[in-house]
Amino acid sequence: MNILFVSPEVSPLVRTGGLGDVVGSLPIALKNLNLDVRILCPLHRCCKTRDVTYFEDTFQIGGRKRLLHAKLAETRLPESEVPVYFLENDFLYDRPGIYADNQGDYRDNPSRVFGLCESAMFIESITGWRPDVFHAHDWMAAPVCAFLNARDTGKGKQASVLTIHNLEHQGKGTYEDFVGSGLPPDYWGSSFDRFGEMNLLKSGIQHADKITTVSPTYAQEIRTEEFGHGLEESLKYRGADLVGILNGIDQDSWNPQFDNSLASPIDPQDPSAGKKACKIDLLREMNLPIQSEVPLFGVVSRLYKQKGLDLLLEILSALLNETKAQFVILGSGSKTEENAFLNIAKEFPDRLAAFIGFDDALARRIFAGTDFFIMPSRFEPCGLAQQYAMRYGSVPICRKTGGLADTVQPVGKSQNSANGFLFERSEPEALLEVINKAIHLFHNRKLYAEVQKNALNFPCSWECAAEEYREVYSWALSGS
Ligand code: GLC
């Protein structure tokens, strides 16, 4: 089976978040199942340093007017045989950002999306390789499903699968933007229109043969008003074709036994010496006093509403005044939250260190050096950070939602397999209560060690997910 991933991000070539990680690692697991997977991604400015080979033929995109010349350039995903086709059109993609710059979202994002999705239809004529399934990721690739349905090749069946990584981002525009796509006019009313506005993700939900999202719990949640971001009715309508498949993580790149960023390797079967060395190293790096008998909590996150770190901010002074716990925060996003963490770090320099920005190696040292990892997301389609934390022996404390509910087995309920803590209500008091429980567990060294070992040995490889995707592809092609 030939599968073409269409995505705006593919790690490590271009990444802003978890979507890039998934598109950079799932194809490798699918390849191990003998699927021929290739990836189509725009040639963003940040990808221009790669070695590529150009296809000679050019083609024209831009809806019916076909005003833009485009080219394909081929490279490979590093350390794999997975081909990546970059779509080159400098007018659309040679920009400092992927979706936005410091002025906000690019205003021509709809044209940039249509350019990418229309190009997927040229893959066969340019490369000679025919996809059986077009696998579109998120709003930026969602209209691939409409382009496929609009085209009658007269050849064998080709199918589309849409994966929703985060329903909050839908890609909005106007009727005029839609007209620019060159898609059949009746697609406006049947799929792109949502209360007079163009909605790119909705078009994918209507047109895809099958829809997946990144955890079983999220696949249920998004059919409700609370989590549906206004698309719950469309998702309920397509409910029979919608499944949740839990993301894995790249176990080679995230392996605490062979991670150069760490001060010491961590052995999942006997973690105490490695964890201790990593904790001391992290405290030293963060200029915090070394106190191994005190629990150390970590956060690695983008700072914005979805992630719920405002809940932590509300209870931090209580925690700092009433307990001895220490905290390390790495994140960026909302200036209010950034400043709030920095101010607390100034006020409690022995207890909390805050680093604003993103730093992959430091993130790894935080996963490895902390005893607990806090992730209070309001919603979380899958969440990768809690899986990275578990793999590096930091016990997760998460809100019971989406993929967090599917990966964390809470202490208390399932004692033998417990690997972390969950709280239900998205309220500061609920988070405080569960953090206090965690502190309590930390002082019961035997029990803490059991929970930590379960976290370290949580099965998070891509193998199972890849099998499930293979089934979804066959299901999509079967037409049933
Ligand atoms: C998005 C989601 C996150 C998920 C990731 C990869 O970033 O917010 O929960 O893990 O996509 O699917």
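A residue is called buried here when its relative accessible area is under 20%. By that criterion strand β16, which spans residues 296-303, is mostly covered in this predicted model, with 7 of its 8 residues buried. The neighbouring partner in the sheet is strand β17 (residues 326-333), which pairs with β16 in the parallel sense over 8 bridges. Within this pairing, Arg 302 is found opposite Ser 332 of β17.

A second parallel pair occurs at the start of the chain. Strand β1 (2-6) is mostly covered, and 5 of its 5 residues are buried. In a regular strand, side chains alternate between the two faces of the sheet. In β1, both of these faces are covered: Asn 2, Leu 4 and Val 6 are buried on one side, and Ile 3 and Phe 5 are buried on the other. Strand β1 runs parallel to β2, and 5 bridges join the two. Ile 3 has Val 37 of β2 opposite to it.

The loops that follow these elements hold two backbone features worth a look on the model. Between β1 and α1 lies the loop that contains Pro 12, and the peptide bond leading from Ser 11 into Pro 12 is cis, with omega near 0°. On the other side of α1, the loop that leads to β2 (36-42) contains Asn 34. The phi angle of Asn 34 is near 70°, a positive value in a residue other than glycine. Asn 34 counts as exposed because its relative accessibility is 68%, and the cut-off for that class is over 50%. Another positive phi value, near 45°, is found at His 229, again in a residue other than glycine. His 229 sits in the loop between α9 (216-221) and α10 (232-237), and its relative accessible area of 31% makes it partly exposed.

Turning to the ligand, the surrounding shell has 14 residues, of which His 165, Asn 247, Glu 380, Cys 382 and Gly 383 come nearest. Several polar side chains approach oxygen atoms of the ligand. For Glu 380, a polar side-chain atom lies 2.5 Å from a ligand oxygen. An N or O atom in the side chain of Asn 247 is 2.8 Å from an oxygen atom of the ligand, and for Asn 166 the corresponding separation between a polar side-chain atom and a ligand oxygen is 3.4 Å. The ligand on its own has 310 Å² of accessible area, and the protein covers 94% of it.

The make-up of this shell can be described by class and by origin. By class, there are 6 nonpolar, 6 polar and 2 charged residues around the ligand. Helix α1 (residues 18-31) provides the largest share of the shell, with 3 residues. The shell also draws on two domains: at least three residues come from each of domain 1 (2-248 + 462-478) and domain 2 (272-456).

A further set of contacts is centred on Thr 370, a residue in the loop between α14 (360-369) and β19 (372-375). Thr 370 counts as buried because its relative accessibility is 0%. Its side chain reaches the backbone oxygen of Ile 366 at 2.7 Å. The side chain of Thr 370 also makes a polar contact with the side chain of Ser 394, at 2.8 Å.

A contrasting degree of cover can be seen in another loop. Asn 457 is placed in the loop between α18 (445-456) and α19 (463-478), and this residue counts as partly exposed because its relative accessibility is 34%. Asn 457 and Ala 325 are 132 residues apart along the chain, and their C-alpha atoms are separated by 26 Å.

Lastly, the model contains an open sheet of 3 strands. Strands of a sheet pair through backbone hydrogen bonds, either parallel or antiparallel. In this sheet the order is β11-β13-β12, and the pairing is antiparallel. Strands β11 (172-173) and β12 (193-194) stand at the edges with a single partner strand each, so one side of each lacks a neighbour in the sheet. Strand β13 (residues 197-199) is joined to β12 by 2 bridges, and the two run antiparallel. Across this pairing, Arg 194 stands opposite Glu 197 of β13.

Methods. Residues numbered from 1 in each chain as written. Predicted model: local features only at pLDDT ≥ 70, side-chain atom pairs only at ≥ 80, totals over all residues. Heavy atoms only, no water. Near = heavy atom within 4 Å. Polar contact = N/O pair within 3.5 Å; in protein donor to acceptor, adjacent residues only side chain to side chain. Areas by Shrake-Rupley, 256 points an atom, 1.4 Å probe, with all protein chains shown as cover. Helix = DSSP H or I, 4+ residues; strand = E, 2+ residues; numbered from the N terminus. Nonpolar A, V, L, I, M, F, W, Y, C, P; charged D, E, K, R; others polar. Domains from an automatic or database assignment. Buried < 20%, exposed > 50% of the residue type's maximum accessible area, 1.4 Å probe, protein only. Pairing = 2+ DSSP bridges.
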